[in-house]
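Biologist: Could you take a close look at the aromatic rings of this model, and then go on to what surrounds the ligands? I would like the criteria stated along the way.

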Amino acid sequence: MDTLQHKLKFENRYINQLPSDSEQVNTRRQVHGAAFSWATPVATANPQLIALSDDVAQMIGFNSEDTASDLFLDVFTGNALLDGMQPFAMCYGGHQFGQWAGQLGDGRAINLGEVVTPAQGHQFLQLKGAGPTPYSRTADGLAVLRSSVREFLCSEAMYHLGIATTRALSLCLTGDQVMRDMFYDGNGAYEPGAVVCRVSSSFTRFGSFQLPSQRGDIALLQAQADHCIASDFPHLIDGEKIDKGTYIKWFGEVCERTCQMIIGWQRVGFVHGVMNTDNMSIIGETIDYGPYGWIDDFDLDWTPNTTDAQRRRYRFGAQGEISHWNLFQLANAIYPLIEESLPLEQLLDNYGKNYQHQWCEMMADKLGLQAYQGQDDLVLFSELEQILQSVETDMTVFYRQLANLGKNEPDNWLVTIHDSYYQPDRLSDKYKQFMGLWFERYTARLQQDNRSDHERKLAMNKVNPKYVLRNYLAQQAIEAAEKGDFSEINKLQALLKKPYDEQENAEQYAQKRPEWARNKAGCSALSCSS
Ligand code: AMP
Ligand code: MG
C-alpha cells in the first residue's frame, strides 16, 4: 500500500512559478493578482471506484496493484493526498455565450499536482467534483454520477478516435448525495455524487489570459503566457528569451491546434455544446465535457445544449466559426504582450482559410478520395451535406456504409446506404433522383483515383468510426449505473477503445438511434446542470 505514496514524482511547476492567491481561506470571492488559489478536496463518505482507464493509469506510473488499493481510492475521491501533492484551483475568466462573464475559475475542479511521467512528461491530475473553491460562486463544487459518466466515457472515446483531449484516469462514486435541478424547473432531487480524475499536460484555457488582460494586470498576463510557452510550447523558444516574436508564433500554434481539434469534431460528429472561451484549452485539447452530444441524423443546426436551444450559437455547423471567434478573443487578450495588431490579424485571417482547407481535406478522406482536388470536389461535399440534411440520415452509419459502394456501381447506392435512413420507406422520388445524380458524380470522381475499392474502403474506415458514444448509449449506461450496475460503462469503455475496427458481438452499438430515444432527456438534449 505504501508503494503508492512514494511512487510518483511531482514537480508542481504551475504553483511554483506563478503567483498564488495570498488569501488562504476557501471562501468564494474575486481573486486578483494570482493564477490560482489553494483549495483542498472535501472528504467523501463512502467512495467506490466504478471505472478506471488502464492506459492512463499506466502512463502515470500505476500498476494494477496500485489502482486496486484503498489509498488509490482515497486519493482520487478527495480523502487523502500523496506526498508531493499541493491541491489548488485555477483562476480564469471567459466569454459565456458571447458575453464577457468576468472571473469564472475552477469552481469544481481541484488540481492535485503535476506528476512527471516517463513517456508523456508533466501531467496534471485534477479531480472534478471534489468540493468548493474560491471560484464556486453560488454552486457546490460537486458533480453527479450522470455528468461524470459522460465525462469519463467521452474523453476516453475522443482519445481513441485520435482527437486531442484531456483524459480520464478514474470514475468514482463518492457515497454522498448531491442536490440537482436537472431541468431547471424547480424540481430538485438528490442524485449520487461522483468524482472523475482528469489528466492533461495543461488545463490552461483561453480565459486564463483573458482575465488578467481584462483587468489590466499585464504582469500576470505575461507570467501566464511565459509559463505556458515554457511548459507546453518549449520548442518555440529560440535561445533563452521569450519575446514578441515568440508570442506571435505561440498564437499561430494555438490556432493550428485548435483548427485540428475542431476538424476532428466535424469528422466524427461531435458537438461540444458549450464552446465558451473558458472551455477552450490553450493546448488545443477537447476539454470540459458538459452538455455535449453526438450527431445521429446529420444536422448542421443541431445542438445538444438546452440552454442554447434558442440561439444555437454552438450548433454543429457553427463550431468552426465559433472557434475563430474564440481565437479572436484570445488575440485581443494577448495583444498587450505584442502591441502590434497586424501579425495577429494575419494569423486570424489565415485561420479561416486553413480551416476551410483542412475541412476539404477531411471531407476528401471521409469520402475516400485520394486527395482534395479543388472547387469541383468542394461542390460535391457541399451538395452532399445539403442532401444528408434534407432527410434524416445517420451520419456515422452513412459514412461507414458508403465505403462499401463499388466505384463502378453508382446504381447500388440505395442498397448500400439504406440502413442509414431513419425512414427509408419515405424517401421521395425527387430525393432519390437528386441523390442518384450525386452518386453518379461521386463514383465518376472515384474513378479518377487509381485505388481499388478494397483499398479505398480500408482508408475510409480509418477516418469514419463505426462506434461513437451515441447520446442514448451513454444514457443507458448512466441509468444502469444509477441502479448500481456499472457493466455498461465498462462495455462502452472497452468498445470505444477501437472505434474504427469491426468488433464481434457489437452490432447493436453501431445502430442508428432507436425511436424511443428521439426526444428523451439525456438522449436528445441536455441541460448544463451537472
Ligand atoms: P462550465 O461551462 O460547465 O465549464 O462551467 C462554467 C463555470 O461554472 C466554471 O467556472 C465552473 O467551474 C463553474 N461550475 C460549474 N458547475 C459548478 C458546480 N457544481 N460548482 C461550482 N462551480 C461550478
Ligand atoms: Mg468549464
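Modeller: What follows takes the ring pairs, then the charges over rings, then the two ligand sites. This is a predicted model, in which local features need pLDDT of at least 70 and side-chain atom pairs count only at pLDDT 80 or more, whereas totals for chains, interfaces and linings use all residues. Residues are numbered from 1 along each chain as its sequence is written, chains are lettered from A and ligands numbered from 1 in the order in which they are written, and side-chain values use heavy atoms, with hydrogens and water left out.

Rings of Phe, Tyr and Trp (for Trp, the six-membered ring) are paired if their centres lie within 6.5 Å, and are called stacked with planes under 30 degrees apart, edge-to-face over 60 and tilted for the rest; by this rule there are 27 aromatic pairs. One of them joins Phe-62 and Phe-72 edge-to-face, with 5.4 Å centre to centre and 90 degrees between the planes. Phe-62 belongs to the loop between helix H3 (54-60) and helix H4 (64-67), and Phe-72 to helix H5 (residues 70-75), so this pair ties together parts 10 residues apart in sequence; helices (H or I, at least four residues) and strands (E, at least two) are DSSP runs numbered from the N terminus. Both Phe-62 and Phe-72 are buried, that is, under 20% relative accessible area with a 1.4 Å probe, protein chains only.

Phe-124 and Phe-203 are likewise paired edge-to-face, at 6.3 Å centre to centre and 75 degrees between the planes. Because Phe-124 lies in strand S7 (residues 121-128) and Phe-203 in the loop between strand S9 (189-200) and helix H7 (206-214), the pair ties together parts that are 79 residues apart in sequence. Phe-124 and Phe-203 are both buried, and ring pairs link them with Tyr-14, Phe-36, Trp-38 and Phe-88 into a cluster.

Charges also sit over rings, a term that requires NZ of Lys or CZ of Arg within 6 Å of the ring centre and within 35 degrees of the ring normal: Arg-167 has its charged end over the ring of Tyr-159, 3.5 Å from the centre, and Arg-313 has its own over Trp-325, at 4.6 Å.

Turning to the ligands, an oxygen atom of ligand 1 is 2.6 Å from a polar backbone atom of Gly-105, and an oxygen atom of ligand 1 is 2.7 Å from an N or O atom in the side chain of Arg-137. The magnesium ion (ligand 2) has Asn-279 (OD1) and Asp-288 (OD) as its protein donors, 2.0 to 2.2 Å away, where donors are N, O and S atoms within 2.8 Å of the metal (3.2 Å for Na, K and Ca) and, as water is not among the atoms, sites may look incomplete. Asn-279 and Asp-288 are both buried.

Notes
Buried < 20%, exposed > 50% of the residue type's maximum accessible area, 1.4 Å probe, protein only. Polar contact = N/O pair within 3.5 Å; in protein donor to acceptor, adjacent residues only side chain to side chain.
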